[in-house]
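Open the model in your viewer and keep the selection tool ready. The tour goes from one stop to the next.

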Amino acid sequence: MKISLGDKKASVQIIVDFVSTDKSLNSLSKSLQNSIHKSIKEKRIKKEAGQCLHLASGKSPDNLVFFLGSELSKEKIRHAGAKAINFLKSNKYSSAQINLSGLLNNGVPEDDALCATAEGALLADYEFNKFKSKKSEQNLNVTINSPKNKSTSNFLKMAEVLAEATNFTKYLGDSPGNFMTPSQLAKEASEFCGSVGVKVTAWNKNQIIKEKMDSLLGVSLGSSEEPRFIIMDYKGGNPKDQPVCLVGKGLTFDSGGISLKPGAGMEEMKYDMCGGGAVIGAMYAIAKLKLPVNVIGIVPATENMPGPSANKPGDIRAARNGITIEINNTDAEGRLILADALVYASEQKPKAIFDAATLTGAMMIALGNTHTGFFTRNPELADRIRAAASLSGEQVWQMPLVDEHCKDMKGTFADLTNLAPSKNAGSATAAAFLESFVEKNIPWAHFDIAGTAWSVGSRLPYCTAKGASGVMVRTFFEIAKSYCA
Ligand code: BES
Ligand code: ZN
Ligand code: ZN
């Protein structure tokens, strides 16, 4: 699908408007206004958010009207853009004109209207058909009726890059484990982020041993696939400025290891690298849009398999900072690979560290697929995160992290255990474990995306029903932007 700006003839006109306000619809032709009012009177459509009206006129163009209600948010516009594309594709339209005049006439800023519509549309256009022998080939040309000038072109470019980055992250998550191995993930990062000037380095197994990342190494030993430690370095700011670190769990397949997971649903554990995927996507967007800030992306990547050299329950390993860990459940492996990554991130002397991980099933139980839970003890960081998420439209919710959770992670035979004594508050005890590997004075926040990284398409029109969502790419981008001078 291609989106361009300006006026062009198309087979369908998509009108995104409030409808519920008096000023609405007055940019439309009288006959169209009459048909809409008639449909409202006949109760074919209500004046409330999320409603959509298809007016097939018999002669071109057809019209499709989206009602956004009166309380507008960028996210509602994104949804309209996405629903429009879903409609166009399922009805096999080849061209469409999106009319945003109603929004603009009612005082919605042009960047919000344009960016959100385009973002929703481009996100909805994603399909994962790499492994299908017959690929659907549908050419769709969409124009948005804003005049083309420097600022509108910039808004559109911003939306295109964010959607491209997010859709790439979806692709990484949807790819099967036998293809998206740790070395493949490193290759994808190096090609995708390398293409926009990010310096990408991937340490192999020997280097990981040399770098004393025994906690990451241990998780990889049950697999015949070698681990990778992926470092993406983007210097958009002053060379002397401290960087911001983004860390993501890159577990390309989580079988549970010796503490094997049950069979049902195990196929979904290919998405256990979505935190790492989000970091790769965010690094791309940050670099392509040339944010004036230094950012280091860090992705420990490995499989978790029950091979003969795998970690055994009770094994003890030391992380890069010397802290020893009793591995009492090999399925709690995300925290083990993040431990070394967080130590490495701390060594970069960053302004702040943010990590994203599909870390715990407990997170899904707590918040379902509506909110990403985040943990931080730093109030300034919590405010920054909420502000960034309100721009991206991705919903976040702060979860508690206190000393009691840390106490639960003390080991019997080593400094720490990777398994809390109780399943209760499993996301918080996991976060408490991670905290031990972040240097004391560095602001840090952890995002548990187990519930939001997969299968949120029932809730969001711009995600597929079953598949990766690309969550956190756009929020990480907004967080990085918040550090720009
Ligand atoms: N990758 C899983 C967490 C997960 C579960 C993500 C379901 C997405 C959906 C993680 O490695 C894991 O297995 N965690 C365990 C930890 C437990 C053994 C302490 C869990 O949540 O059950
Ligand atoms: Zn696991
Ligand atoms: Zn896992």
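Select the zinc ion (ligand 3) in this predicted model. Its protein donors are Lys249 (NZ), Asp254 (OD), Asp272 (OD) and Glu333 (OE), at 2.0 to 2.4 Å. Donors are N, O and S atoms within 2.8 Å of the metal (3.2 Å for Na, K and Ca); water is not among the atoms, so sites may look incomplete. The site is octahedral, with angles of 77 to 174 degrees among 6 donor atoms (six donors, opposite ones over 155 degrees apart, all others between 65 and 115).

Now add the zinc ion (ligand 2). The two ions, ligand 3 and ligand 2, sit 3.2 Å apart, and Asp254 coordinates both. Lys249 and Asp254 are both buried (under 20% relative accessible area, 1.4 Å probe, protein chains only).

Residues are numbered from 1 along each chain as written, chains are lettered from A and ligands numbered from 1 in written order. Local features need pLDDT of at least 70, side-chain atom pairs count only at pLDDT 80 or more, totals for chains, interfaces and linings use all residues, and side-chain values use heavy atoms, without hydrogens and water.

Next, select Thr358. What does its side chain touch in a polar contact? The side chain of Asp272, at 2.4 Å. A polar contact is a pair of N or O atoms within 3.5 Å; within protein, one must be able to donate a hydrogen and the other to accept it, and residues adjacent in sequence count only if both atoms are side-chain atoms. Thr358 is buried too, with a relative accessible area of 6%.

Definitions and conventions: Buried < 20%, exposed > 50% of the residue type's maximum accessible area, 1.4 Å probe, protein only. Tetrahedral: all angles 85-135°; square planar, octahedral: opposite > 155°, others 65-115°.
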